[in-house]
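Here are my notes on the structure you asked about, set out as numbered points so that you can follow each one with the model open beside you. Please take them slowly, and look up each residue as it is named.

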Amino acid sequence: MLKKITSYTFLLVGLILLNSCKKEYESIQSIDDTKIKDYISRNNITDAIEDPDKTGFYYQIKTQGTGELFNTTDSVLYSVSVKSLLNGTDYYTTPAITNLGTYVGYASSFSYATTNGSVGFALPALRKVLQTLKPGGVARILLPSYLAFGKNGATLLNVPSNENIEFTLTTYPEKSQRLLDDRRIREFLQSKGLTATKDASTGVYYSVTDAGTGTAIELTSTLKAKYTGRKLDGNVFDSSTDGTFSTTLLQVISGWEVLKNFKRVRKYDFSFRL
């Protein structure tokens, strides 16, 4: 009898010890929500809005924009910035001379290329917040880690594991790429003190420094040219300056077609939409 009691006692002690070793783990959803709420409180953000579907993100409308609210069938042009909610580290910002664009109904992810590869993640919050804005509107989205880069982070951007993200969304007032590109070119010309003529049929802006002489250039004319192609930020994307480049206007980008309005040009400058 004593032997049986001793065995039962040891079994009971073992169960108590095992039970005492159990630890209650808090979910990442709960941890992230607490951090975001603390951030909102600490920074006195009184206009933060919680996702009506309670998925975990919050957003703040910085600028409403003008016109009608975006709907799912609208085309939207926008830029973004991705920062750490913890310390403000800037992980990514859309370059000033470029932009993202899609239909609002398709705006459920965010992806982009880096020099080391491409990065992307699902972002349903983007579409939801877009539909609270008008063209030209700006919003800040506070994303919990599990709705951003998750436990694996993003190595290419140096985003660590379980990082809560501040995702700023800036929409452009223009609803077409053509109109946005045109404004960018006009602003560039003004900033550089340049004067250019806009070709009505192509939208290309150009300036002629030497009109040249001889027969008119046609689309099928064979040309030898020296050229340098730069983006609006000054970075060269293509160049041939040794005089060996030969082409017809049908073989190059459509912006070159404005040359058909001139004769044999010795020096010709123009800008075109990228």
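1. Strand 13 (residues 223–230) and strand 14 (residues 236–247) pair in the antiparallel sense, and seven bridges join them. Together the two strands make a hairpin with five residues between them, and in the turn Gly 234 has a positive phi of about 95 degrees. If you wish to see the pairing at one position, look at Lys 224, which stands opposite Ser 246 in strand 14. Please keep in mind here, and in every point below, that this is a predicted model.

2. The two faces of strand 13 deserve a separate look. In a regular strand the side chains alternate between the two faces of the sheet. In strand 13, Leu 223, Ala 225, Tyr 227 and Gly 229 make up the covered face, whereas Lys 224, Lys 226, Thr 228 and Arg 230 make up the uncovered one. Leu 223, Ala 225 and Tyr 227 also belong, with Leu 249, to a separate core of eight residues.

3. Thr 248 lies in the loop between strand 14 and strand 15 (263–264). With a relative accessibility of 14%, Thr 248 counts as buried, because the cut-off for that word is a value under 20%. Leaving aside residues up to four places away in sequence, Thr 248 touches Leu 219, Thr 220, Ser 221 and Thr 222.

4. For the chain as a whole, there are four helices and 16 strands, and 36% of the 274 residues count as buried. Among contacts between residues at least 6 apart in sequence, 66% join residues at least 24 apart.

5. Which residues touch the most other members of the largest nonpolar core? This core has 33 residues, and those with the most such neighbours are Phe 110, Leu 143, Phe 149, Leu 157, Ile 165 and Phe 167. At least two core residues come from each of strand 3 (75–84), strand 4 (90–93), strand 6 (109–114), strand 7, helix 3 (124–130), strand 8 and strand 9. Phe 167 makes a good example to inspect, and its contacts, not counting residues up to four places away in sequence, include Val 80, Val 82, Phe 110, Phe 121, Leu 126, Ile 141 and Leu 143.

6. The structure holds nine aromatic pairs, and two of them are described here. The rings of Phe 57 and Tyr 59 have centres 6.3 Å apart and planes at 40 degrees, so this pair is tilted. Phe 57 is buried, with a relative accessible area of 2%, and Tyr 59 counts as buried at 10%. The rings of Phe 121 and Phe 149 have centres 4.4 Å apart and planes at 55 degrees, so this pair is tilted as well. Phe 121 in strand 7 (residues 117–122) and Phe 149 in the loop between strand 8 (138–143) and strand 9 (165–171) are 28 residues apart, and their pair links distant parts of the chain. Phe 121 counts as buried at 9% relative accessibility, and Phe 149 is buried with a relative accessible area of 10%.

7. Phe 121 and Phe 149 also belong to one aromatic cluster with Tyr 92, Phe 110 and Phe 167. Elsewhere, a charged side chain meets a ring: Arg 184 lies over the face of Tyr 172, at 5.4 Å from the ring centre.

8. Asp 74 is found in the loop between strand 2 (58–63) and strand 3, and counts as buried at 15% relative accessibility. A polar atom of the Asp 74 side chain lies 3.0 Å from the backbone nitrogen of Asn 71. Not counting residues up to four places away in sequence, Asp 74 touches Leu 69, Thr 102, Tyr 103, Val 104 and Lys 175.

9. Finally, please check two backbone angles. Most residues other than glycine have a negative phi. Asn 44, in the loop between helix 2 (28–42) and strand 1 (49–50), nevertheless has a positive phi near 50 degrees. Asn 158, in the loop between strand 8 and strand 9, has a positive phi of about 65 degrees. Are these two asparagines buried or exposed? Asn 44 is exposed, with a relative accessible area of 59%, and Asn 158 counts as exposed at 63%.

Conventions: Residues numbered from 1 in each chain as written. Predicted model: local features only at pLDDT ≥ 70, side-chain atom pairs only at ≥ 80, totals over all residues. Heavy atoms only, no water. Phe/Tyr/Trp six-rings, centres within 6.5 Å; stacked < 30°, edge-to-face > 60°. Buried < 20%, exposed > 50% of the residue type's maximum accessible area, 1.4 Å probe, protein only. Lys NZ or Arg CZ within 6 Å of the ring centre and 35° of its normal. Core = buried A, V, L, I, M, F, W, Y, C linked by side-chain atoms within 4.5 Å. Contact = heavy atoms within 4.5 Å. Pairing = 2+ DSSP bridges. Polar contact = N/O pair within 3.5 Å; in protein donor to acceptor, adjacent residues only side chain to side chain.
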